[in-house]
Amino acid sequence: MHVSDTDRHAQPSEAIRIYRGPSDRVRNLANALLEAPAVSVVTQRAADVRSLAIQLFDEGMSAVHLTRIVAELNDLVTRRLLSLIAVEHKVQHLRWCWMALGSEGRLEQTIHTDQDNAIIFHDAHAEEAHARLLPFARAVNQALARAGFRLCPGDIMAGNPRWCLSDKAWQSRFAQWVDTGDPEALLHGAIFFDFRGLYGDLSLVESLREWLSAYIADRPLFLRQMSENAMRTRPPLGLFGVLSPLSRPFPKRRTIDIKLRGVSPFSDAARILALSRGLRATNSSDRLLHWARTPSEKRQAESWTRALAALQTYRLQRQMACAKKGIPMDNTIDTHQLTHFDRAVMRAALIEARETQRHLSISYQLTP
């Protein structure tokens with residue numbers, strides 16, 4: 001039974017174990033998730049994660065710490081669902097691993113998120129494994145949707161046959177993306193290259209990561225193409241670094257999509273820098289700090305991670321405000337509603353986002 005080998009991974013992380021808030025709420029919720037006896041109970045506890053996140057943010061927890069806590073509690077939600085549903089579908093005898101992708105893979109989930117996941121399984125008896133794992137994966141995707149994780153609009157989920165593949169097939173898929181470098185490959189690169197093993201035989205994921213690092217090391221052109229693609233979305237800064245938000249579609253509002261034009265430049269740069277040095281980290285801040293080797297790189301990485309944390313804070317503030325008002329969540333910031341101080345902080349953070357793109361343009365000889 002390969003899945004049972006991962007029971008030790010279904011424990012609260014160090015970040016959760018060391019956190020001691022009032023009444024140890026985080027650890028209590030983590031333990032409740034671990035002990036949930038049924039899928040219906042897990043989905044109820046998932047709602048508690050979002051409620052607790054709002055409380056902790058109101059109490060002053062930093063965005064960096066909060067997103068990590070939320071992501072790791074969400075990991076426990078997913079792992080418990082996988083554990084319960086795996087027994088129902090009798091897939092315990094197979095060698096497989098559930099992979100988190102995108103923001104979940106980076107441990108950067110907020111309370112406004114959808115699913116990005118996949119399955120990798122051992123190539124032996126691939127036909128049987130594929131046939132058994134697909135209905136299982138679809139059941140997990142539906143359970144996650146009931147728990148508040150929206151179904152991915154692009155269908156990048158383990159229940160899609162395209163993303164439930166053997167280890168050999170995943171190598172072929174990544175090789176195709178790296179060798180082709182077309183728009184679809186670059187789009188997938190922004191999601192799939194953040195993969196992280198979540199539950200099952202984690203050695204399958206680590207082997208894939210080692211293979212991918214070696215494969216990319218011999219093909220620097222792909223990183224150049226990824227850099228070029230990343231630079232197409234610029235931070236909203238005008239001449240002399242002045243904030244340059246959009247006024248459409250609300251003429252009386254000047255808005256910024258803080259995720260797309262603020263956070264994403266950092267996560268895109270962190271991904272490329274991590275791949276360029278074969279790093280195992282998937283979290284953006286971890287990637288930047290681990291990438292830095294020289295004193296100047298370390299100073300640069302520290303500035304970037306501080307700026308990223310600031311932008312994530314504004315993003316969370318917006319989502320929390322939407323949640324409290326009972327309106328659909330988004331990542332849109334109306335700059336007219338910011339104080340002079342907040343506009344200055346946001347401007348400084350966006351200048352750092354622009355610096356990440358400038359670094360990529362110099363490294364890969366691109367037109368700024």
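## A buried pair

Asp-194 and Arg-106 are both buried. They come from a predicted model, and they make a good place to start reading it. The two side chains form a salt bridge, with their closest N and O atoms 2.8 Å apart. Asp-194 sits in the loop between α8 and β4 (196-200), while Arg-106 sits in the loop between α5 and β2 (117-121), so this contact ties together parts of the chain that are 88 residues apart in sequence.

How buried is Asp-194? Its relative accessible area is 0%, and since anything under 20% counts as buried, the label fits.

## A second partner and a wider network

Asp-194 also meets Arg-287 in a salt bridge, at 2.8 Å from N to O. Here the link runs from helix α12 (residues 284-291), which holds Arg-287, to the loop between α8 and β4, which holds Asp-194; the two residues are 93 apart in the sequence. Arg-287 has a relative accessibility of 3%, so it counts as buried.

Which residues join these pairs in a network of salt bridges? The linked set is Arg-106, Glu-108, Asp-194, Asp-268, Arg-271 and Arg-287. Over the model, the count of salt bridges comes to 18.

## A partly exposed pair

Now for another of the salt bridges: Arg-162 pairs with Glu-184, and their closest N and O atoms are 3.6 Å apart. This pair, too, links distant parts of the chain, with Arg-162 in the loop between α6 (126-146) and β3 (164-166) and Glu-184 in helix α8, 22 residues apart.

Are these two residues buried or partly exposed? Arg-162 has a relative accessible area of 40%, so it is partly exposed. Glu-184, at 44% relative accessibility, counts as partly exposed as well.

## The largest pocket

The largest pocket holds about 880 Å³ of space. It is lined by 36 residues, and those closest to its centre are Arg-106, Ala-190, Ile-191, Lys-259 and Ser-264. Arg-106 is thus a residue to look at twice: it lies among those closest to the pocket centre, and it is the salt-bridge partner of Asp-194.

Which elements give two or more residues to the lining? They are α5 (102-105), α8 (183-192), α10 (220-230), α11 (258-276) and α13 (295-325). The largest share comes from α11, with nine residues. Sorted by class, the lining has 13 nonpolar, 14 polar and nine charged residues.

Key. Residues are numbered from 1 along each chain as its sequence is written. This is a predicted model: local features need pLDDT of at least 70, side-chain atom pairs count only at pLDDT 80 or more; totals for chains, interfaces and linings use all residues. Side-chain values use heavy atoms; hydrogens and water are left out. On a 1 Å grid over the protein atoms alone, a cavity is a set of points where a 1.4 Å probe fits but cannot get out, and a pocket is an open set with protein on both sides within 12 Å along at least five of seven lines; lining residues have an atom within 4 Å of a point. Grid points are joined across faces, edges and corners, and a volume is the space filled by probe spheres set on the points. Helices (H or I, at least four residues) and strands (E, at least two) are DSSP runs, numbered from the N terminus. Ala, Val, Leu, Ile, Met, Phe, Trp, Tyr, Cys and Pro count as nonpolar, Asp, Glu, Lys and Arg as charged, and the others, Gly among them, as polar. A salt bridge is a side-chain nitrogen of Lys or Arg within 4 Å of a carboxyl oxygen of Asp or Glu. Buried means under 20% relative accessible area, exposed over 50%, partly exposed in between (1.4 Å probe, protein chains only).
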